[in-house]
Structures are given as structure tokens and as C-alpha cells.
Amino acid sequence: MTESITVRVPAKVNVQLAVGAARPDGFHDLANVFLAVSLYDEVTATPADGLRITCSGPDAGQVPLDATNLAARAATALAGRYGVSPDVHLHIAKDIPVAGGMAGGSADGAGALLACDALWGTGASREELLDICAELGSDVPFSLVGGAALGTGRGERLTPLEVGGTFHWVFAVADGGLSTPAVYGEFDRLAAGTDVPAPAASPALLEALRTGDTALLAGALVNDLQPAALSLRPSLAGTLAAGTAAGALAGLVSGSGPTTAFLVKDEEAARTVADALLASGTCRTARVATSPAAGATQIRT
Ligand code: C5P
């Protein structure tokens, strides 16, 4: 009998996050260009009596271990569909910043889903897994798929994108998280009385990804949530300034923040910018990563 299954899942950065007006259901239509990056959580599923979540890693104390954890919700959703009992211990080895705008919670949801599917032998199709992911949250389908993709609707409807090279990043991790609903709420407050255009993917950005052109990508990075994140966390402006002063080609808030992402020329520039960001005192820690990265993948049984 299988003892346990481990799945590795990447973080993401949004290289374009175009946000439309609030919909009647409270969500926002997006043109959301996701790029998976090489920071990973690992989710291990082991048979147990009942459903139990544990978490390890430097930020483990900030991760909820109850039924609200996306990994728990994923296991419950899969078990419900297949009429099995969600008797599983899910351990999350967390390396993705918590509540940082890098889809760490979504990664754990996608990882738990894949791990439980393998452990229980439910044999769900890719389509069914993606359906469950979309029920769990707007960013969860991308965590399963990885690579690069355009997300439309509330971000859950994915079109895979071609990526023609490797991009190098530095992520400045801030102290404390930012609530995604709060950032969208601030977006609505700032947009009140203005005409919010329908979101559309930028042709220059898609071309930059397709050709692997770092300079072109640097000029095309855009996040419509950035003014809202900066309004709630003004200190992020100092982090962005420190990263670009250190030689990053461009910097932006990652998703709803407060992690900031810096695109750099190569691995050496990444180390220089990471060191400078740390020395600037404008972030808690700085992480180096590359993209694209593979989606949720079983790595051990
Ligand atoms: O889908 P998810 O649970 O990740 O969304 C978290 C929150 O982010 C939502 O409750 C909503 O406030 C906001 N959101 C949004 N529009 C989207 C995605 C998320 O307003 N397209």
C-alpha cells in the first residue's frame, strides 16, 4: 500500500494583471498573465484517521491549520466528489511567502488535490481537477498547470502561453501579508467615479514571453492592483525604489502584494539586486528565482 505522496507546486508572479470594474458578484474580470517561478511548496499526503494539516518552514506560524486552509478544502472537495472519506494527513513544507501575492495558498490547494488524487486512486481527469481548482479560488487552476498562461474571467479560465527563454527574478518579501479582498476593495475605492476599461492582454507582453526577451518584458510589466497595494502599504514604494536603484530592469508588486518582484538580466544581477535589497532594510528577505517553472508535479511516493 502507498505510504505517502509528495507533490511540488510553484509560486507565481503576475507579469500583467489588468483589472476591470467590479462585477455584480464582487469579483473583477481580469486579463491575468501568470508566470510560474521556481519557489516551491511541497505537499505530502499520508493516510490518517480524519483530516489533519501540518506545516513546516520559516513562516509556518502564519499558515491556518484548520478547514479554511486551501489544502484541506481541496481534499474535502475531491473526497466529496468521489464519495471517499477525507482521511488524510497533509503536510505542507512551505517555502512560498505567506499572504504575499505569490499564490502560496493556491499552490497548497493544487498540491493537495493532486496528492490526494494519487493517494486515493480517484483517477480524476485533468478537466475535473481544473474544475475543483476553479471552485477553490481564482489562482488555483494556474498553480496546477504552471508554465505561463493568460487567465480570463476572474482569472480561472486559462489559455497556456509559450515562453521562449528563461527570466531571472528577485522577490523582496515584506513583513506581514496583505489581504487580497482588501486590496481589491482599495482598487474599487480608488477607481470610484472613473471609467475602468475592459481588461485585455498586452500584445507587447505576450511577444516578450514568446521570444524570451527580458528587456521587452521589463517594459511591459504592469499590475493594476499596484496603486491599491501601495495605498495600503506605502512602504512598498521604498522597496521598489531600492530594487531599481540596485540595477533591476523593472520592479512591480506581485499580484495583490506585499511581495515585490524585480526582473533582472541574469543570475549574477539577481544576486547583486537581492544583496542590495537586503542591505536597504526595505524588506524582510530577498529570494532569487527563475521562470517559467513546471506546475504541480508528483516528486516522491
Ligand atoms: O478567488 P479567490 O478566493 O482567490 O479570491 C479572493 C478574493 O479576491 C475574492 O473574494 C475577491 O475579493 C477578490 N478577487 C476579485 N476578483 C478576482 C479575483 C479575486 O475581486 N478576479
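This passage describes the ligand site of a predicted model and then some unusual points in its backbone.

We can start with where the ligand is found. The ligand sits in the largest pocket. Residues from domain 1 (5-161) and from domain 2 (167-291) both enter the shell around the ligand, so the ligand lies between the two domains. On the N-terminal side of the list, the shell includes Gly 26, Phe 27, His 28 and Leu 30. Gly 137, Ser 138 and Arg 154 also belong to the shell, as do Thr 180, Pro 181 and Tyr 184. Among the secondary-structure elements, β2 (28-47) and α5 (180-191) each contribute at least two of these residues. The largest share comes from α5, with 3 residues. By residue class, the shell holds 4 nonpolar, 5 polar and 1 charged.

Several of these neighbours also make polar contacts with the ligand. The side chain of His 28 places an N or O atom 2.7 Å from an oxygen atom of the ligand. Ser 138 likewise uses its side chain, with a polar atom 2.5 Å from a ligand oxygen. Arg 154 takes part through its backbone: one of its backbone N or O atoms is 2.9 Å from a nitrogen atom of the ligand. On its own, the ligand has 450 Å² of accessible area, and the protein covers 73% of it.

Away from the ligand, the backbone itself deserves a look. Most peptide bonds are trans, and most residues other than glycine have a negative phi. Against that background, the bond from Gly 257 to Pro 258 is cis, with omega near 5 degrees. Pro 258 is found in the loop that links β9 (250-253) and β10 (260-264). A cis peptide bond also joins Ser 291 to Pro 292, here with omega near 0 degrees. Pro 292 belongs to the loop between β11 (285-291) and β12 (297-300). Ala 99 stands out through its phi, which is near 50 degrees and thus positive in a residue that is not glycine. The loop between β4 (88-93) and α2 (104-120) is the place of Ala 99.

Conventions. Residues numbered from 1 in each chain as written. Predicted model: local features only at pLDDT ≥ 70, side-chain atom pairs only at ≥ 80, totals over all residues. Heavy atoms only, no water. Near = heavy atom within 4 Å. Polar contact = N/O pair within 3.5 Å; in protein donor to acceptor, adjacent residues only side chain to side chain. Areas by Shrake-Rupley, 256 points an atom, 1.4 Å probe, with all protein chains shown as cover. 1 Å grid on protein atoms, 1.4 Å probe; cavity = no way out; pocket = protein on both sides within 12 Å on 5 of 7 lines; lining within 4 Å. Sits in = over half its atoms within 2 Å of the grid points. Helix = DSSP H or I, 4+ residues; strand = E, 2+ residues; numbered from the N terminus. Nonpolar A, V, L, I, M, F, W, Y, C, P; charged D, E, K, R; others polar. Domains from an automatic or database assignment.
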